[in-house]
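Biologist: Before we discuss this model, could you show me the chain, and then explain how each label you use follows from its definition?

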Amino acid sequence: MSKTNESSTMANAATCIELPIFDISQPLDSSSLYSLSQACKEWGFFHITNHGVPKNLYNKLSSLSNHIFSLPLELKLEVGPFSPIKTYTPHFVASPFFESLRVSGPDFFASAQASSTVLLNQQSSEFSEVLKEYGNKMSELSKRIVQVVLMSLLGEELDNKLYVSEFKKCHGYLRIINYTPPESVNREKEVEGLGMHTDMSCITIVYQDKFGGVQVRSKQGKWLDIKPSEETLLVNIGDLMQAWSNGKLRSSEHRVVLRRLVNRFSLAFFWCFEDQKVIYAPNEVVGGCEEHNLRLYKPFLCADYLKFREINSVGEEKFEKIGFNVKDFAGITGSDQITKSLKS
Ligand SMILES: O=C(O)CCC(=O)C(=O)O
Ligand SMILES: [Fe+2]
């Protein structure tokens, strides 16, 4: 495991953050658990290694996906936003340089097959087999990561009870992303492949290629490059986990910048609460709050937050509005807290 520090990179003159790396195949010792809790609190990002995803699985998925993205737009739109399937997001929705294909669990094979039957006109597809393997691996990894994050937050005795009662019904979906930079990338002026946002997940696991491009926004509002690290996956805390943990785990604003003329390929896996879950920080989490013993979020239905984000990210001003997050939706303001304490 390495330390967290900041250093300057010559290549792009941006500040780089080196996040800690955790060996997820082993139980974490107490000093690693402490580093993990610090990383989740300060950055909401960390790396994992020994994650069990073989390089050849990633390579296969990347080449099959490249083939899909190279298909004609009219064909891709047959699974696009106005189709019954709605798995393909074309350019100019998230950004002019971003397109993606969504594959949902728990039956990753069936979900991939629904798209590939239309796109590849195949009944039995290698693409669906590969996605089944990748999706199942990500689901297992997500469970393990949530467990270690809970352990770092609450200690070993509490985590299992809470894991079972709170996280057992989580589900995942994968977004396969192809970034196509403009013909000429001006190195002085960064091109945003994906604008500033927070994730709507509990946790997200990203497989990014060796060129990197993910940037995290510090608490002071400074953009920092997340140095890509060979053999590791990037994990970040999402909004659902930030609310559930009463703000102890940070869902950081992040974005993707494109600096090269080559396409950038990434796989983002989102592990989420079930739609019908009421998200409410348990007493065990709130009770230990050092600064104050107050809840920072009102209880809310998971599906309602997802709807709020959907509504606020469409329309003319979608790029500005991408900044709305769970604090805007369910955060308790100072005046709410005063009213609450006066009533009690
Ligand atoms: O493409 C990446 O590396 C990250 C994508 C991301 O942040 C997202 O899809 O939420
Ligand atoms: Fe993200």
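Modeller: In this predicted model, 51% of the 344 residues of the chain count as buried, a label that requires a relative accessible area under 20%. The accessible surface of the chain comes to about 16,600 Å², and 53% of that area belongs to carbon and sulfur atoms.

Biologist: What makes N246 count as buried, and what makes E231 exposed?

Modeller: N246 has a relative accessibility of 3%, and buried means under 20%, so N246 counts as buried. E231 has a relative accessible area of 56%, and exposed means over 50%, so E231 is exposed. N246 lies in the loop between α7 (239-244) and β13, while E231 is found in the loop between β11 (223-226) and β12 (233-237). Phi is near 60° for N246, which is a positive value in a residue other than glycine, and phi of E231, likewise positive in a residue other than glycine, is near 75°.

Biologist: How do you know that the span of helix α2 agrees with its number of residues?

Modeller: Helix α2 covers residues 55-69, and at 1.5 Å a residue its 15 residues should span 21 Å, because the expected span is 1.5 Å times one less than the number of residues. The end C-alpha atoms of α2 are 21 Å apart, which agrees with that expectation. The buried residues of α2 include L57, Y58, L61 and F69.

Biologist: Why are H197, D199 and H254 called donors of the iron ion (ligand 2)?

Modeller: A donor here is an N, O or S atom within 2.8 Å of the metal, and the iron ion (ligand 2) is coordinated by H197 (NE2), D199 (OD) and H254 (NE2) at 2.1 to 2.2 Å, so these atoms meet the cut-off. Along the chain, the donors follow the spacing H-x1-D-x54-H. D199 lies in the loop between β8 (191-197) and β9 (203-208) and H254 in strand β13 (residues 254-258), so the pair ties together parts that are 55 residues apart in sequence. Both D199 and H254 are buried. Water is not among the atoms, so the site may look incomplete.

Biologist: What makes you say that α4 and α5 meet?

Modeller: Contact means heavy atoms within 4.5 Å, and on that basis residues of α4, including F108, F109 and A112, meet residues of α5, among them F127, L131 and K132. The axes of helix α4 (residues 108-119) and helix α5 (residues 126-154) come within 8 Å and cross at roughly 145°, and the crossing is right-handed.

How values were computed
Residues numbered from 1 in each chain as written. Chains lettered and ligands numbered in written order. Predicted model: local features only at pLDDT ≥ 70, side-chain atom pairs only at ≥ 80, totals over all residues. Heavy atoms only, no water. Helix = DSSP H or I, 4+ residues; strand = E, 2+ residues; numbered from the N terminus. Buried < 20%, exposed > 50% of the residue type's maximum accessible area, 1.4 Å probe, protein only. Donors = N, O, S within 2.8 Å, 3.2 Å for Na, K, Ca; no water. Areas by Shrake-Rupley, 256 points an atom, 1.4 Å probe, with all protein chains shown as cover. Axes fitted to C-alpha atoms, helices over the stretch in contact; angles between N-to-C directions. Left-handed = near helix turned anticlockwise from the far one by under 90°.
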